[in-house]
Each structure stands twice: as structure tokens, then as C-alpha cells.
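Hello,

Here is the structure for you to load. My notes follow below it.

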Amino acid sequence: MVDPYKTQSLPTDLNKTIATPGPTFEATVTIKPIQCPVCKTFNPAGVMFCVDCGLIFDRALPDDAFGAPKVELPLLVDASGREHPIRPGRNAVGRDGDIALPDPRVSRKHAAITLEGGRLTLEDVGSTNGTTVNGEPLPPGRSVELHAGDTVAFGGFETKVALPGARPSATQAVSRRTVALDAPPAADAPAPEPSAAAVAAYLVGAGLRLPLPKGRSTFGRKAENDLRLPDPYVSGRHGVIEAGEDGFWITDLGSTNGTFLNDARIEPNLRVRVTPDDVLRIGNLELRIEVA
């Protein structure tokens, strides 16, 4: 084999072709989706954080070549085995919180978990169905410290506390015991399939035709949304579409790749009017509203 770094003398015949080693094509470079180690979501190649739970991947990698330890965060692990990371500072818990729990028994702003100085504290912020720690009700406004293995139920939705160094298996389910409530849940119940009379419009495009009922509908990649958009560049819980007497409105809930209205990116948490003439770009999908 010819050494490409070795100095070679030119042949006497300058018209003679010299063969030099060409590039090798034997090393195949594959581009694979990145699986989040926390929520197990598959993310598009090249992203730096999970499109669903927001975990920054360089904080979840193994120890690097220089011996820097990986960063491990405390977790809430629900009955399905899904892990919800608790970041430093104050974390809002609820259906629309920093720690999103998509269950109708959980209030939109249900509780707050604070990680500070190595201590983990929980406070109920006035939820409808209450919060319990190891079966004991937590009065609103009162703060309690959490420890590894504690069972925390948000309106009956149970989770386990897992701390670094004492983390249970991600597949270990917590108790499915039914928790009695003092009053019937006041949160929105899962909506049935809308009847023809209840359908205000359709979200169409990219081979999709999704019925858009009157009122508020969440949309995203995950199945628990009212409108599921199966695209890897759509966040798990991407945004909200409202159909009312005053027209149609869309709100981006802080998605990773954003929501675009006629090629203009919508600011997160800003309610924007949409008409049937507008083009919505959500991930790789181009969609329109078609009035029923």
C-alpha cells in the first residue's frame, strides 16, 4: 500500500500518470434519531435537547474523556414508567406546567416542586383535587420536603420520587390504587369523538384531515393530544387551537421547532387569530383550517 505521507520522487517521464490513493468509502456514517434517556422519545438527528421533555442531551451523556461526571437530576416516575426530570429552582407541576402531567384529574397549575441546595420541596398551589404525599393530604400553601421513594399523588395521578444514586428502574410502575376524592373531578374529562354538529372545522394538509371541535383542542405528536400530528419535528405537546364564535385562534406552548403562520413564527404563549386563508406550518407539516 502506498504511504500518502511519504515523499516520492517524480519519474523521469513527466507524462506518466502517478497513481495515488483515493478516498475510502468503507466507513459508513449513519444518521440515527436520538432517543431521550428520560422520556424515551426519539428525536431528529442533530438536536441538542429533547423535543418532548426539553432535556439537554449533553447533561445526560456518560462521563466524558476528561472525567467530568454526568449530571443526574431528581425525577418523578409515573405508573407508565415515564420519567419527569426536576430541574434546579422552582418547577411548576400541572397539565400546563414545567412538569407536564396530561391527566384530567391534575389542575393546569397544580403544585410546585423546588430543587435548591440539594433539598426537594413540594407545595400545592391551590389545586382542585388536591395533592397527597405517601397518602397524607398536603394543605394548599404548605411546603414539605420530599425524599427518595416518596409517593406523590396529584389529584389521584400517582408518581414516585427518584433521587440520583437511589433511582428506581424506569420500568417500575407505582401503585395503581384508586384514590378517593372529596368531590368529583372538576378538570376537563377526556373528550369523546366530536359529533358532526360539534365539528367547527377540519385541520387539513399533508394527508391529514382532523376534525376540529368547538372549543379548545391541544395538538402535538403525542397520542394524549386532542389532535395528534405524527411528525418527528412536532413537539409532544406543541400548542392549542381554539374554535369559537369569534373565529379560530392558535397558541404555541413553547414548542422546540415553533409554529409558523404564513412563514412568520408565532411567539410562544401568544394567542393569534387564524383564518381559512392562512397556512400553518407545524414541524414539517403545512396545514389549513377548512370550515365545516
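Start with S217. Leaving aside neighbours within four places in sequence, S217 is in contact with L212, D226, L227, G239, V240 and I241. This is a predicted model, so treat every value here as computed from it. S217 lies in strand β16, residues 215-220. Buried or exposed? S217 has a relative accessible area of 1%. Buried means under 20%, so S217 counts as buried.

One of those contacts, I241, is worth following. With neighbours within four places in sequence again left out, I241 is in contact with L203, L212, G215, R216, S217, F219, L227, W249 and I250.

Next, the cores. The largest nonpolar core has 22 residues. Which of its residues touch the most other members? They are L203, F219, L227, L229, I241, F248 and I250. Several strands each supply at least two residues of this core: β14 (199-205), β15 (208-213), β18 (239-244), β19 (247-252), β22 (272-274), β23 (280-282) and β24 (285-291). Another core lies apart from it, with 19 residues. Its members include I99, V106, L115 and L120. As background, nonpolar side chains in soluble globular proteins tend to be buried together.

Now the chain as a whole. The protein chain has zero helices and 24 strands. It has 292 residues, and 37% of them count as buried. Take contacts between residues at least 6 apart in sequence: 37% of these join residues at least 24 apart. The accessible surface is about 17,200 Å². Carbon and sulfur atoms account for 53% of that surface.

One sheet deserves a look. Five strands form an open sheet with mixed pairing, in the order β6-β5-β7-β8-β11. Which strands stand at the edges? They are β6 (99-100) and β11 (143-145). Each has a single partner strand, so one side of each is left without a neighbour in the sheet. Strand β5 (residues 89-94) runs parallel to β6, and two bridges join them. G94 has A100 in β6 as its bridge partner.

Last, the rings. How many aromatic pairs does the structure hold? Zero. There are charges over rings, though. The charged end of R209 sits over the ring of Y202, 4.2 Å from its centre. The charged end of R271 sits over the ring of W249, also 4.2 Å from the ring centre. W249 appeared above too, among the contacts of I241.

Over to you.

Definitions and conventions
Residues numbered from 1 in each chain as written. Predicted model: local features only at pLDDT ≥ 70, side-chain atom pairs only at ≥ 80, totals over all residues. Heavy atoms only, no water. Phe/Tyr/Trp six-rings, centres within 6.5 Å; stacked < 30°, edge-to-face > 60°. Lys NZ or Arg CZ within 6 Å of the ring centre and 35° of its normal. Helix = DSSP H or I, 4+ residues; strand = E, 2+ residues; numbered from the N terminus. Buried < 20%, exposed > 50% of the residue type's maximum accessible area, 1.4 Å probe, protein only. Contact = heavy atoms within 4.5 Å. Areas by Shrake-Rupley, 256 points an atom, 1.4 Å probe, with all protein chains shown as cover. Pairing = 2+ DSSP bridges. Core = buried A, V, L, I, M, F, W, Y, C linked by side-chain atoms within 4.5 Å.
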